[in-house]
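Dear colleague,

Please find the structure below, handed over for your use. A short account of what was found in it follows.

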Amino acid sequence: MCSDSVRYIDTAEFTRLGSTISGQAVLAGFARFCEGLPPQPQDVVSWSLKGWRTTGGQSFLEVSITAKPVLQCQRCLEPFEYEVSVVNRVELVNRESDLEDEDDDENALERILGSRRFDVLSFIEDELILAVPYVPRHEVCPGGVSLVQSEEPVVQEKRPSPFSALAQLKQNR
Ligand SMILES: [Zn+2]
């Protein structure tokens, strides 16, 4: 499958037409995602992207991603396969100033900048980065490693932008 043919979309057209595209990409080809991770298997990321526009003129993208990246357990340090299966929606905006809407609505969708040359695979990679935990761990480590309970409080935080997620990934290395 050649996902190069849909590497870029015009988001205005894509959402106006209510288009859908899908593809597969080699996991190891996502360099930003793979940074700091164990070697990835010869596996693919399957993705699809759907766009639509409301009668009120708002444009949205829905992205679905399935992948099985290998992460390193931060408790026993063994690599393990982590199953990613996510569906996420974002709102497309036209101006950078629209990204910084300060409404604190918990249900507000993440906003991203639309483009006539929107990089689909880069967007998929951002979403993939968000889909894996910052501190991956086995639910139960194999090999009888004594389980130290996490001291981190389990708080569901608002999703950070891919950029802060990246910064965090870098800090964690
Ligand atoms: Zn483990």
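Helix α3 lies across β2, β3, β4 and β7 and runs at about 65 degrees to β4. Helices (H or I, at least four residues) and strands (E, at least two) are DSSP runs, numbered from the N terminus; axes are lines fitted to C-alpha atoms, for helices over the stretch in contact, and angles run from 0 to 180 degrees between N-to-C directions.

This is a predicted model: local features need pLDDT of at least 70, side-chain atom pairs count only at pLDDT 80 or more, and totals for chains, interfaces and linings use all residues. Residues are numbered from 1 along each chain as its sequence is written.

The open sheet has five strands in the order β2-β3-β4-β7-β8, with mixed pairing (two strands pair if DSSP finds at least two bridges between them). At its edges stand β2 (20-26) and β8, each with a single partner strand, so one side of each lacks a neighbour in the sheet. The antiparallel strands β3 and β4 are joined by eight bridges; lysine 50 has glutamate 62 in β4 as its bridge partner.

The largest nonpolar core (buried Ala, Val, Leu, Ile, Met, Phe, Trp, Tyr and Cys residues joined through C-beta atoms within 7 Å; buried means 20 or more other C-beta atoms within 10 Å of a residue's own, placed from the backbone) has 18 residues. Val45, Trp47, Val63, Ile65, Ile124 and Leu128 have the most contacts inside this core (contact: C-beta atoms, placed from the backbone, within 7 Å). Strand β4 gives the most to this core, with four residues.

Yours sincerely

Terms used:
A residue is buried if 20 or more other C-beta atoms lie within 10 Å of its own, exposed if 12 or fewer, and partly exposed in between; C-beta atoms are placed from the backbone. Two residues are in contact if their C-beta atoms, placed from the backbone, lie within 7 Å.
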